[in-house]
Amino acid sequence: MDKETENCRNVNENPCNMCMPMGAILPFKGVEQSMVIIHGSQGCSTYMRRHIAEHFNEPIDVASSSLNEKGTIYGGEASLIKGLDNLIKLYNPGLVGVLTTCLAETIGEDVERITSKYLKERELGDFPLVTVSTPGYGGAHTDGYFLAVKRMVARLAKKTEKHSRINVIVPNLSPADIREIKRILHMFKVEFTLCPDFSDTLDRPFERPYKKIPGGGTKLSDIAEMPGAAATIQMGITVDDDISPGRYLEAEFGVPLYNLPVPMGIENTDLFIDVLKQLSGNKVPESLERERGRLLDCMIDSHKYNFQGRSVIFGEPENVYAIFKTCMENGVYPVVVATGSKPGKMIELLNNELNNYRGEVHFLNETDFAQIRKKSIRMNANIAIGHSDGRYLTEREGIPLVRHGFPIHDRVGGQRLLSVGYVGTTMFLDRITNTLLENKYNSYRNSMYQKYYKKLKVAGQQLQG
Amino acid sequence: MIAMKEAGLPDVFIKEREDFIHTKGKQKKQLKCENDSVAGCVSQRACVYCGARVVLNPVTDAVHLVHGPIGCASYTWDIRGSLSSGAELYRFSFSTDLKEEDVIFGGEKKLARAIDELVLKYNPKLIFVYATCIVGVIGDDLEAVCKAAARKHGIKVIPVQSSGFIGNKSAGYRAACDALLRLIGPTSRNETKESKCVNYLGDFNLAGEVWIIGNYLKQMGIKLNVAFTGDSSCETLKTAARASLNIVQCAGSMIYLAEKMDEIYDIPYLNVSFLGLEDTAESLRKIARFFGDLKIIHKTEELIKKEVNAYSGTVQSYREKLKGKKAAIYVGGGFKAISLVKQFSEIGIDVVMIGTQTGRQEEYEIINELVDEGTVILDDANPTELEKFMVEKGAHLLVGGVKERPLAYKLGIAFIDHNHDRKHPLSGFAGAVNFAREVYSTVCSPVWKYIGT
Ligand code: SF4
Ligand code: SF4
C-alpha cells in the first residue's frame with residue numbers, strides 16, 4: 001500500500017475535479033424557492049450551468065453579476081447590486097445564495113458588506129441572502145458543496161425549542177438516492193428534516209405549467225428549526241470539521257451528531273439502520289430485513305464474478321469511500337483509489353480499513369486523470385467506477401467504466417441511478433458484476449484461443465515436422 | 001417595451017432588456033446588440049475564453065494549456081465533437097491549476113514550469129496558452145513567459161489573450177484569430193500562391209464536416225489547403241498563405257481573420273454557407289465562378305446535380321410531414337441563425353422566434369429581412385424570455401445548445417442540438433438530410449402524444 005499526493009505538480013492534465021462555486025450551487029438547488037447568483041464574470045456561471053444541466057437534464061438557472069472590465073478594475077459592487085435586483089424581480093425567490101468566483105475574490109470584493117448594505121437599502125428586513133465565499137482556486141466542488149450547506153444552516157438556524165425531528169444532511173448523491181434515504185426514514189416512522197433535498201428539484205416529473213423555480217426542496221422553516229432536533233445524521237464522514245454542517249449544529253446548539261458514511265454496502269447501510277433504530281426506538285421493519293436478505297443473496301450469487309474485478313475508484317471523497325467499502329465487501333478489490341479534491345479524512349479512513357489487508361492499493365489525492373491512468377495500467381485495473389470523465393480510461397486503455405456520481409454527461413439517467421440502502425447497493429452491485437461479465441464474454445473466446453490453441457497448433461506442426 | 005406589449009406583457013421583465021427584443025414589423029428602432037449582458041438576468045452567454053477555445057481547440061497537434069484555476073479547464077475538457085485524422089493531443093485538457101498562493105505571488109513561474117513539463121512529455125510543435133480571468137488581474141506577463149519558452153524549446157508558444165471579463169465570446173474569436181495570425185507569421189507573405197487552392201475558414205470539423213466539404217472541392221478540381229481550424233495542425237496552418245482564395249463559413253468567428261489575411265497575404269475571400277441544399281449548391285457555384293475555369297464550373301454543376309438528385313427527394317418527403325410546424329431558434333452566432341432560417345424554409349417550417357448570444361448588427365438586419373412579420377427577434381436572451389416567447393408563439397421546436405435543451409423539454413417542445421458536441425454532420429447535401437431527419441425525429445416523436453397540453 002502506498003499513497004501519493006500530487007498537489008505540487010505544475011500541470012493538471014485532464015482534471016478529476018471541478019471548482020468550488022459549482023459545488024456550492026447544488027445544495028442551493030435543494031432548498032425551497034431558492035436561487036443563486038455568482039459574483040464574477042459571466043463565463044463561469046454559464047459553464048457551471050451547462051455542466052450541471054447536462055447531468056440532471058434539468059434547466060439550471062443561475063444568475064451572474066456579469067462583471068466586465070470596468071467592474072473588475074473599479075469594483076463590482078454596482079454589478080452585484082443590479083444583479084440581485086434583477087434576479088429577485090425575475091424569479092421572486094425565497095432565498096438567494098451569493099457565491100463568488102476566482103475573479104471576485106482576487107479583486108477583493110467584500111460580499112458580506114455589499115449584501116448587508118443591500119438588504120438595508122432595499123428594506124428587505126431579514127430576507128435570507130446567504131453568502132458563501134467560493135474562490136474556484138480555494139477548493140474543489142466538494143468543499144463548495146459542504147461549505148454552502150453549512151453557511152445556509154448557519155444563516156437560517158434559530159434557537160428553537162427541542163423537538164423530536166432528526167436532521168439528515170446528505171452529500172452530493174443522486175436524486176434517486178435521496179428518495180431512497182427518505183423512504184427508509186419513513187419506514188422507521190421518524191420525522192426528519194433532510195437537507196439539501198434536491199430529489200424533486202433536480203429530477204422533476206413532467207408537469208404543466210412549467211415553473212421557473214421547481215417545487216420541492218428543504219423548507220426554510222424546517223432548516224430554521226434544525227437546532228432543536230433530537231440528533232443530526234450527517235453522511236459526511238470524510239468531511240473536514242471546519243466545513244461540516246453537522247459539527248456546526250453540534251458545537252453551536254448541542255445537537256448530537258452521528259457522522260456516518262453514505263449508506264452503500266452492507267456495513268455502511270447497517271450503520272445507518274442501527275442509528276435509526278436507536279433514535280426512533282423502533283424495530284427494523286420486516287420489509288427492510290427482507291431487502292437486506294436479498295442484498296446478501298445477491299452478494300453470494302455474484303461473489304465469484306466480482307472476485308475477478310480489480311477496481312479503480314475515483315470521484316468525491318465521500319462517494320469514493322462508500323464505493324471503496326462496497327468493493328472491499330464483495331472482493332472487487334480496489335487497486336487505485338483517487339480523488340481530485342482534497343481528501344479530508346478519507347485517507348485515514350481508508351488506512352483503517354486496510355489494516356489487515358495484504359493487497360496493493362494506491363491512493364491518489366488532488367490528482368488528475370493522467371496520474372489515474374498511469375497507475376491503473378501499472379496495477380492492471382479491469383474496472384473503473386466513477387463519473388463520466390473516466391470514459392477516457394475506457395477509450396485509451398479499454399478499462400470499462402461503471403458510471404457513478406457527478407457528472408454523468410455522456411449517458412442518460414445519472415439523476416436516476418440508485419445506489420444507497422440495501423436495495424440501491426444491490427442495484428449498484430449488479431451494474432458492477434454485469435460490467436465484469438460483459439467484458440469477460442467479449443474477450444474470453446479470443447483470449448483462450450490465443451493462449452492455448454495457437455500453442456497447440458505450433459506444437460502440432462512441430463510434431464509433424 | 002413594444003415587443004413585450006405586442007406579445008402580451010410577461011409577468012415580470014427587466015426594463016433594461018426592452019431594446020434587445022423586437023417583433024418584426026412593429027419597431028422602427030434598431031435592435032440593440034453587441035453589448036454587455038445585464039447583471040442578474042441569467043444570460044446564456046459564455047466568456048472570451050470559451051470563444052477562443054471554440055476556434056482553436058480543433059488544432060489537433062497543439063497543446064492547449066489553460067493558464068488559470070482548475071474550473072475553466074475542467075468544464076472544457078473534450079466537450080466538442082471536432083474530429084481529427086491525425087493527432088489526438090487537442091482532446092486533452094491542460095491547466096496550470098492555479099491555487100491561492102499562485103494568485104498571491106503570481107503564476108508566471110508555474111506557467112514556465114508547466115510548459116517545460118509539457119514539452120518534455122509530449123514534444124509538441126505548438127502550445128497555445130489561454131489567459132483566464134484572474135490572469136488578467138494578477139498581472140502575469142503571458143507574452144514574456146511564452147516568448148522565453150518559445151526561445152528555450154525552439155517551438156511556437158502562442159499566448160491567447162482570452163481573459164473572460166474583457167468582453168464576450170466574440171472577443172474570444174478575435175483573440176483566437178490573432179493567435180492564428182501569429183502562427184502563420186509575417187514571413188509567409190512571400191510564399192508563392194497555388195492556383196485552384198483554397199483555405200476554408202470557420203468549420204471545426206464537427207462530425208467530419210470539413211471532410212465532406214473537402215470532398216466536394218476535390219470533385220470540382222479544387223484543392224483544400226487547410227481548414228481553420230477543423231482537423232488542422234501546426235504545419236498545415238503555417239501553409240495558409242499559399243492559397244489563392246479563402247472561403248468563410250462561420251463569419252462571426254472568422255471574418256476578422258479573412259480580412260486580415262486579405263490585407264497581409266493578399267488572399268481574397270468569399271462568404272459561403274454549406275447549411276441546407278440551396279445554400280450548399282449556391283456556395284459551390286460561387287466558388288467555381290470565382291475561379292472562372294470552365295472545367296471547374298462544369299464539374300461543379302455535375303456534382304450539384306448528382307447530390308441534389310440523391311437527396312432532394314428525401315428532404316421533400318420530410319417537408320410534407322413537417323409543413324406548418326413552427327420553430328424557435330436560439331444559438332450562439334448570427335451566421336448560424338441565418339442559415340437555420342433558410343434551412344427551415346427548405347423543409348416548410350416557419351420561424352416564430354429567433355435570437356443569438358452574440359449576433360452582430362449586420363446579421364440581425366439580414367435576419368429581420370428573412371423572417372415573417374410578427375417573428376420575435378432577441379439578443380442575449382434569458383430563460384424567462386425564451387420560455388415566454390416560445391409558449392406565446394406556439395413554437396413546436398427549439399434549436400439551441402445544451403443549456404436550452406432541458407427548458408424545451410420541460411415545456412413539452414421538440415429540440416434540435418446545434419452545438420459543438422453533436423455527433424452527426426449538418427453540413428453539405430448529406431447534412432441537409434440529417435437536419436431534416438433530426439427535425440422529424442423530434443417533432444414527430446410519439447412521446448408528445450402523452451403529455452397533453
Ligand atoms: S474565469 Fe473567466 S475565463 Fe474562466 S470560465 Fe470564468 S469567465 Fe471564463
Ligand atoms: S475555477 Fe474560478 S475562474 Fe474558473 S470557472 Fe471556477 S470560479 Fe470561474
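Two strands count as paired here if DSSP finds at least two bridges between them. In this predicted model, strands E10 (residues 326-331) and E11 (residues 350-356) of chain B are joined by 6 bridges, and the two run parallel. One of the contacts can be named outright: Val331(B) has Thr356(B) as its bridge partner in E11(B). As for its surroundings, E10(B) is mostly covered, with 5 of its 6 residues buried.

Turning to the ligand, ligand 1 lies between chains A and B, and the space it takes is the largest cavity. Chain A brings Ser41(A), Gly43(A), Cys44(A) and Tyr47(A) to the surroundings of ligand 1. From chain B come Cys47(B), Tyr49(B), Cys72(B), Thr132(B), Cys133(B) and Gly164(B). Sorted by character, this shell holds 6 nonpolar and 4 polar residues, and no charged ones. Among the elements that build the shell, helix H2 of chain A, spanning residues 42-56, gives the most, with 3 residues.

Chain A also carries an annotation. According to UniProt, in an unreviewed entry, residues 19-436 of chain A hold the feature "domain: Nitrogenase/oxidoreductase component". Over that stretch of chain A, helix makes up 47% and strand 13%, while the C-alpha atoms at the two ends of residues 19-436 sit 33 Å apart.

Technical notes: Residues numbered from 1 in each chain as written. Chains lettered and ligands numbered in written order. Predicted model: local features only at pLDDT ≥ 70, side-chain atom pairs only at ≥ 80, totals over all residues. Heavy atoms only, no water. Near = heavy atom within 4 Å. 1 Å grid on protein atoms, 1.4 Å probe; cavity = no way out; pocket = protein on both sides within 12 Å on 5 of 7 lines; lining within 4 Å. Sits in = over half its atoms within 2 Å of the grid points. Helix = DSSP H or I, 4+ residues; strand = E, 2+ residues; numbered from the N terminus. Nonpolar A, V, L, I, M, F, W, Y, C, P; charged D, E, K, R; others polar. UniProt positions renumbered as here; feature names shortened; annotations may be inferred. Buried < 20%, exposed > 50% of the residue type's maximum accessible area, 1.4 Å probe, protein only.
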